[in-house]
2 protein chains.
Amino acid sequence: MKKLYKQAGVSIEENDYLIPRYRTISKTATRPEVINEIGTFSGLFKLKKYTNPVLVASTDGVGTKVMLAKQYNTLDTIGHDIVNHCVNDILTSGAEPLFFLDYLATNGLTKQQKLKIVQGIADACKKNNTALLGGETADMNDLYPKGEFDLAGTIVGVVEKNSLIDTKSIKPRDSILALPSNGLHTNGYSLARKALPKRLNNKDRTLLGEPLKQALMRSHPSYLNDLKPHLAVIKGIAHITGGGIEGNIKRILPKNTIAKIDKTTWSIPPIFQLIQKHGKVSDKEMFQVFNMGIGIAFIVNQRHRKQLMRKLPHCIEIGYIA
Amino acid sequence: MKKLYKQAGVSIEENDYLIPRYRTISKTATRPEVINEIGTFSGLFKLKKYTNPVLVASTDGVGTKVMLAKQYNTLDTIGHDIVNHCVNDILTSGAEPLFFLDYLATNGLTKQQKLKIVQGIADACKKNNTALLGGETADMNDLYPKGEFDLAGTIVGVVEKNSLIDTKSIKPRDSILALPSNGLHTNGYSLARKALPKRLNNKDRTLLGEPLKQALMRSHPSYLNDLKPHLAVIKGIAHITGGGIEGNIKRILPKNTIAKIDKTTWSIPPIFQLIQKHGKVSDKEMFQVFNMGIGIAFIVNQRHRKQLMRKLPHCIEIGYIA
């Protein structure tokens, strides 16, 4: 009976084909709290016992990475981008993800292409122990250009009120640690697509060290499993999305504190160097639009610095609070 | 510090202009549970005490009604469509809405147009006592046609487990009651736009009795306040969306029961008659695509029928369970 997925604007035949398959896929990404027996117009999730539960929610899109996903035929991984982006956003509050809902609007994607995208979403949900609680797929042939689609999603997580990451405790001399990004994640694709040439020359290819498709389409990673064991000692987390490293760290800082970032503490990955060179983009704009190699930054007291750097092998210290 | 709204793909100047304004707007649609002081990458909502809280969530779009909203310049009310659609979807489980997040993706909407849409969302949230907890606005000029936009949203509500509407109690001889729709709501716009002529002739205009713009663009209403006082006696609720009256009622029925709908118990509103005539659409397809005058249907035991029909003046009995 469950109408986990809804389809708009498509033929009844296609509906009848897709909805049971969406349901089968979504059942691979579930949790014991999901109530499957009832609920036909919405998803139901029984909240476990919490003392003072705070729900943490975020809606995101993946920008024009969707257009490259179509072009490069990487529809199976674009779902990881949207889910992981959302997971990281609520992780900044210390929240554990509970469930996810997607919005997929298209013109002319085949049934198989739609299923591939939803399967990717479910795979990513599963990896984050998140239930795929529902979604909406809409065919809007008059709105979207033929063959294109847009993908957005909403995540809801939970955290005990006294475990909320409260950035008010951030103080001068605290250390700014970071985990590297693995590419552009989900930001700056409009600029990257304009800047990069269709084909790289030999010199560029050597610098990049991997196919351009691979460098551009790697999925936004989830930092949940890396940071979850250490949330108790973390004073603040900045997910490096649009706005860049300084822009996003600034957003979590208390008044009268600033972040001192030492850009020599990591190397800018070659994909960003290529975008900058071909697009003649200034350093300033590069650091405002792209993550430049930093996926997530988090702030800890000096005395927790060593411990975290030992336990997180890829962790780097990129600066301090002043 | 709160980053209630995120903007992708737009100039930093526009960002700086819009984000504080989105925040101001969203503060008009809040609830005491919203935690404003912290949370920069997501929205925080402190859940009150419940015995066995079940979270109920739904994601929806408004289909190609967005294209008419642009054309007719009714950007201030399209937010009501998406919010109320979502509110009704979770009402089918007996849930009270808690918070809403929107996704607005555009190419070329002006700042004022974006603010008008978000203001409409906030107004509708407020009317439903729902917090506008966050959202994502993305400019994707390469994906969307110039001047167009898409709008989707996600609602999260809550209901005590023992107050969940459990359709398993539906039995033969139960009465199917309904509240009228006020137009197409958010379904069938792709077909309606194709079927209807640009200008109506005099006879059509007399039949319609109001301007075409008004008939097409009236917002999807919320049935929350109508049905909320009566949820304890309601056995099942079907929100009449894509799939029509029978299609949606069927979804909530237990095995071995069917809905007997008497289509003479209400009159098909003139807008549907015009769409059918100009589009040469069969009766069958009309009833599958459109709500045909019925906004929401709900099932009660015979002995509660009179009481509900007295308390809800617009309520009609459209059939029974067999």
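Below is a short chat about a predicted two-chain model.

Trainee: Before we start, what are the ground rules here?
Mentor: Residues are numbered from 1 along each chain as its sequence is written, and chains are lettered from A and ligands numbered from 1 in the order in which they are written. The model is predicted, so local features need pLDDT of at least 70, side-chain atom pairs count only at pLDDT 80 or more, and totals for chains, interfaces and linings use all residues, while side-chain values use heavy atoms and leave out hydrogens and water.

Trainee: How does chain A lie on chain B?
Mentor: A turn of 180° with a shift of 0.0 Å along the axis lays A on B with an RMSD of 0.0 Å, superposed by least squares on C-alpha atoms of residues with pLDDT of at least 70 in both. The two copies are thus related as by a two-fold rotation axis.

Trainee: Which C-alpha in chain A is nearest the axis?
Mentor: That of A:Tyr144, 3.1 Å from the axis.

Trainee: New topic: how many aromatic pairs are there over all chains?
Mentor: There are 5; Phe, Tyr and Trp rings (six-membered for Trp) pair with centres within 6.5 Å, stacked under 30 degrees between planes, edge-to-face over 60 and tilted for the rest. One of them is B:Phe45 with B:Phe99, tilted, at 5.2 Å centre to centre and 50° between the planes.

Trainee: Are those two buried or exposed?
Mentor: Both B:Phe45 and B:Phe99 are buried, meaning under 20% relative accessible area with a 1.4 Å probe, protein chains only.

How values were computed. Buried means under 20% relative accessible area, exposed over 50%, partly exposed in between (1.4 Å probe, protein chains only).
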